[in-house]
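Visitor: I would like to learn how to read pockets, cavities and ligand contacts. Can you take me through a case?

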Amino acid sequence: MKKIAVLTSGGDAPGMNAAIRAVVRTAACEGLEVLGVRRGYTGLIDNDFKNLGPRDVANIIQRGGTVLLSAREPRMRTLEGRAQAAANLKAAGVEGLVVIGGDGSFHGAYYLMQEHGIPVVGLPGTIDNDLYGTDHTIGYFTAVETALDAVDKLRDTAASHERIFVVEVMGRHAGHIALDVALAGGAEEVFLPEDTKHISEVVEVIRSSAAKGKTSSVIIVAEGYPGGALGVAKEIDAAGFDARVSILGHIQRGGSPMSSDRILASRLGEGAVRALIAGEYGVMIGRHNGKIGQTPLEETWLHRKDVNRDLYNCAKTLSI
Ligand code: ATP
């Protein structure tokens, strides 16, 4: 193996740059050339590649976002798009591809391998932490910290004005961020996409909080919970209370990655190159119980990574 390529795809996540750096520098240590693909699968189909050496990835480990840029590319969902992408990789002499992204990006990588024999390795780069096969995804720790910082600030206002705040955090399909933020932020209640809990339960929580002498409350809602924060606030208002809504949105995706994300990204990036060199393809590199390991790409989306219900129970106990 002489040459590999690396791309970032889907939503950006803090730590993607640390992963790119790790891929490029591990490859350089092993005598491999690296091509960086700009704008994810868009660059793969449009042949937008650039050589990356160890100095090209200097001073990026601390930067949020992705220096390679990212995109959502509909053409990758078509046979023609993937054929073009594979032809470009082969013409450039690329013998292995590292895809940093979420499960959508892994689907694209998997089809490139199945349909065109491109050796691919995935790195879990998404703030949502919703990929099976790794305890944490690159960007998750930083996203939780960013959301928590906002919740702490909102709690100051909630306490000073004796108000109820309903805060929406990211997580379209998974409540990992919401649950961590709820426990760490001392929230009174949390609503997750995985919940069967009815929205009206929030009213009981507010009533019992008031009965216990609480003068302010913070409710966390994952964006994927039906109705979102606006729906939950409407329910509270309808019961005669006054709720304020804060939707944190994209600020949770940016910012300098925390040490935990940089360390995870560095170790997984190194692991991705070592896997390609060893001829281990079609896998995602993840970390489980502190150990770097591999999971077949299909398994990352066929299995669901459940939220940790113990965290929910703990948050409820402590919100007494
Ligand atoms: P995030 O978790 O941040 O949303 P993601 O990788 O899941 O990241 P998606 O938008 O789902 O983000 O996918 C990124 C890109 O991967 C898509 O724009 C598309 O180019 C490609 N992709 C997604 N799903 C498929 C699929 N089923 N087949 C082929 N390519 C796909």
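Visitor: Which helices each supply at least two residues of the lining of the largest pocket?

Guide: They are α4 and α10 (297-302). Helices are DSSP runs of H or I with at least four residues, strands are E runs of at least two, and both are numbered from the N terminus. A pocket is found on a 1 Å grid over the protein atoms alone: an open set of points with protein on both sides within 12 Å along at least five of seven lines. Lining residues have an atom within 4 Å of a point. Before going on, note that this is a predicted model, where local features need pLDDT of at least 70, side-chain atom pairs count only at pLDDT 80 or more, and totals for chains, interfaces and linings use all residues. Residues are numbered from 1 along each chain as its sequence is written, and side-chain values use heavy atoms, leaving out hydrogens and water.

Visitor: What volume does the largest pocket have?

Guide: About 960 Å³. A volume is the space filled by probe spheres set on the grid points, which are joined across faces, edges and corners. The lining has 35 residues, and Arg72, Gly102, Asp103, Gly104 and Ser105 lie nearest the pocket's centre. Helix α4 gives the most, six residues.

Visitor: Which space does the ligand take?

Guide: The ligand's space is the largest pocket. A molecule sits in a pocket if more than half of its atoms lie within 2 Å of the pocket's grid points.

Visitor: How many residues surround the ligand?

Guide: There are 18, the closest being Arg72, Glu73, Gly102, Gly104 and Ser105. A residue is near a molecule if one of its heavy atoms lies within 4 Å of it. Helix α4 (residues 103-116) brings the largest share of this shell, six residues.

Visitor: Which polar contacts does the ligand make?

Guide: A polar contact pairs N or O atoms within 3.5 Å. A ligand oxygen lies 2.7 Å from a side-chain N or O atom of Arg72. Polar backbone atoms join in: one of Glu73 is 2.6 Å from a ligand oxygen, and one of Gly102 is 2.9 Å from a ligand oxygen. The protein covers 86% of the 620 Å² of accessible area (Shrake-Rupley, 1.4 Å probe) that the ligand has on its own.

Visitor: How many cavities of 30 Å³ or more are there?

Guide: One. In a cavity, a 1.4 Å probe fits but cannot get out. Its space is about 30 Å³. Helix α11 gives the most to the lining, three residues.

How values were computed. A polar contact is a pair of N or O atoms within 3.5 Å; within protein, one must be able to donate a hydrogen and the other to accept it, and residues adjacent in sequence count only if both atoms are side-chain atoms.
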